[in-house]
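Trainee: I should like to be introduced to this structure by way of questions and answers. May we begin once it is displayed?

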Amino acid sequence: MKHSQKDTEESARRITRRGLILGGAQVTFMAVLGLRMRYMQVEQADQFRLLAEENRINIRLIPPTRGLIFDRNGTPLAQNEQNYRIVIVREDAGDVEEALARVARLVPLSEEDLARARKEIMRRSAFVPVTIADRLSWEEVAEVAVNAPALPGITPEVGLSRSYPMGSDFAHVIGYVGPVSDYDLSKLENPEPVLQIPRFQIGKSGVEAKTEDLLRGKAGNKRIEVNAVGRVIRELDRTEGQAGADLQLTIDHGLQNFMQARLSGESAAAVVLDLNDGDLLGIASAPTFDPNKFVRGISVGDYRELTENPYRPLANKTVQGTYPPGSTFKMVTALAALQDGVITPGETVWCPGYLESGGRRFHCWKRGGHGHVDLNKSLEQSCDVFFYDIARRVGIEKITAMANTLGLGIRHDLPMSAVAEGLTPTKDWKSIYRGGDWVVGDTLNAAIGQGFVLASPLQLAVMTGRIATGRAVTPRLLKSIDGVEQASGRGEALEVNPMLLAHVRKGMYAVSNSRRGTGYRTRVVDETMQLAGKTGTSQVRNITAAERARGVFRNEDLPWNRRDHALFVCFAPYDNPRVAVSVVVEHGGGGSTAAAPVARDIALRALYGTVPPLTAYPQNQRQAVGELFDKLPLRDPAAPQTVRTRV
């Protein structure tokens, strides 16, 4: 009985302790719940009220800062500058026409600007801001701000806009940016939301377009309070985005400016290739244009002037233009024949001024012929018959294979618009694309860079660089991305006998330094800078038998668009090649007179690092060269800037 009573008392004590523990836990839970409810109902009341009333918190994107572009020395080529602009919100402005008229009295607005603004206002929702004027001065923006009470719906803003401080010098390389269009969006399977931002700018051509994903960066976002119709009430918080990557190009802005100036007045292209690592030191197409006009919105008149110019300033002739390479192709034919063993360097061919094949005469440029010529003399004097003869023996397939080895007929991977593949034909190519059989005459024409053969100035520079070095030099335009060095284009050794390359280089040296060489007039007398080159002249019309009988028309007697293209390729210095240069002057006439002098000046500018000294030129040419240089519109060198590096 006593034991039972003790058990009952112990059980009662245990129940009491459990009750206290459970009660305490309940009190604690209720206290935490109460505190949480107070936090949500009192301290966070405004935010949750907004969430409860028709989901009135929106998330909007913040455009990222576009990456910058520099030259190899750190000089800015594409940058972002503050842009003062005026925007209008239609629903706040009331009478839109009256609002625009008031703004036009304060800041300069052309009829074209007003028409563009009206069109954009009608396309957008009434609460979306629309830019009606940008790139305004601080004084103009201040004038609008002072008159704000009389300008409902009109607001001055500041943002970033792209600018190109080097103007037209890099237009074909860097390209330009512009607002995203419906066409741009149609090309993308899943366009990023940031591209839907009104007037958001993306690359339209050149490096700006080809490296868009690198330059664009990542958008940020902000949380904003909006009313039931979507009008912004206030900004709650924001997360900044990530700026685009900075790009450093291989191009030297001083050399590029010299090249553009030297080509001025011509429809032409020039390329300078560094032979150590494949860097493109300069790549100029003329005439050029100001890319800043496209960023700001080019006028109809300015655009018409560009599109109707017969010299085609919008075309990038360096990589997009393809031309019959003319006699600059003869090194390819020679190497194909030497490598195949069908000729030796000392073997001679008789040139009476023509070669007969298939009942047709294939003429040499020298009507009376060159007599007995070997490899060296054939290159020196550019004898056509020598190359007709060896091409007939080696065949088109091996010529084309050698052309491909030297970088012709290959699309080089560069971040530039419309990089052409060129054309190095084969028998199968003609059968497929021309629906005919290959004939011997096709081979003979191809042997001297005519017929179906096409090459760009870029490819001709690569060809020359590979002959000069014996390596598969590959062109490189991007030097670094956010400070990270990109792969070199130095290249491995070519599968071409080095001794054969040396014989061809010797022939190119004779072109520029032998008294009978076709490029002798454009020789360099500084023995440390001597160049080796090859002239070329490519026909753009057929010369009839009747014309040959009475005498071929001189280029200067023909309309501009029927004249021959002028070409010249070279490398320098001869005994230690550092650069390769190619120049094409459209309808320039002879390569020795129109293209070679330009190439020499550009090569020397690249080697000396400044305007070439007159002592590098023959004595009897120094005065004329000096007068030419004095007239060139050269830009003062800009101070190098530091390229941003991300860790």
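The exchange below goes from the whole protein to single helices and residues.

Mentor: Please note that this is a predicted model, in which local features need pLDDT of at least 70, side-chain atom pairs count only at pLDDT 80 or more, and totals for chains, interfaces and linings use all residues. Residues are numbered from 1 along each chain as its sequence is written, and side-chain values use heavy atoms, with hydrogens and water left out.

Trainee: What is the mean pLDDT of the protein?

Mentor: pLDDT is the predictor's confidence in each residue, from 0 to 100. In this protein, 88% of the residues reach 70 or more, and the mean pLDDT is 88.

Trainee: Over which residues is the pLDDT below 50?

Mentor: Where pLDDT is low, the predicted coordinates should not be read in detail. The stretch in question has 25 contacts in the model beyond near neighbours in sequence, a contact being heavy atoms within 4.5 Å. The pLDDT is below 50 over residues 639–647.

Trainee: How many helices and strands does the protein have?

Mentor: Both are DSSP runs numbered from the N terminus: helices are H or I with at least four residues, and strands are E with at least two. The secondary structure comes to 24 helices and 21 strands.

Trainee: How many of the 13 residues of α20 are buried?

Mentor: Buried means under 20% relative accessible area, exposed over 50%, and partly exposed in between, with a 1.4 Å probe and protein chains only. Among the buried residues of α20 are Pro-457, Leu-460, Thr-464 and Ala-468. The helix is mostly covered, and the number of buried residues is twelve.

Trainee: What span should α20 have at 1.5 Å a residue?

Mentor: The expected span of a helix is 1.5 Å times one less than its number of residues. The end C-alpha atoms of α20 are 18 Å apart, which agrees with the expected span of its 13 residues, namely 18 Å.

Trainee: At what angle do α20 and α21 pack?

Mentor: Axes are lines fitted to C-alpha atoms, for helices over the stretch in contact, and angles run from 0 to 180 degrees between N-to-C directions. Thr-464, Ile-467, Ala-468 and Thr-469 in α20 meet Leu-501, Val-504, Arg-505 and Met-508 in α21. Helix α20 (residues 457–469) and helix α21 (residues 498–513) have their axes 8 Å apart, and the angle is about 115°.

Trainee: Is Asn-513 buried or exposed?

Mentor: Asn-513 lies in helix α21, and its contacts include Tyr-520 and Arg-523, leaving out residues up to four places away in sequence. Because its relative accessibility is 18%, Asn-513 counts as buried.

Trainee: Which residue joins Ala-286 through a cis peptide bond?

Mentor: Most residues other than glycine have a negative phi, and most peptide bonds are trans. The bond from Ala-286 has omega near -5°. Its partner is placed in the loop between β12 (280–286) and α12 (292–296); the residue is Pro-287.

Trainee: What is the phi of His-587?

Mentor: His-587 is found in the loop between β21 and α23 (591–608), and is buried, with a relative accessible area of 12%. Its phi is positive in a residue other than glycine, with a value near 55°.
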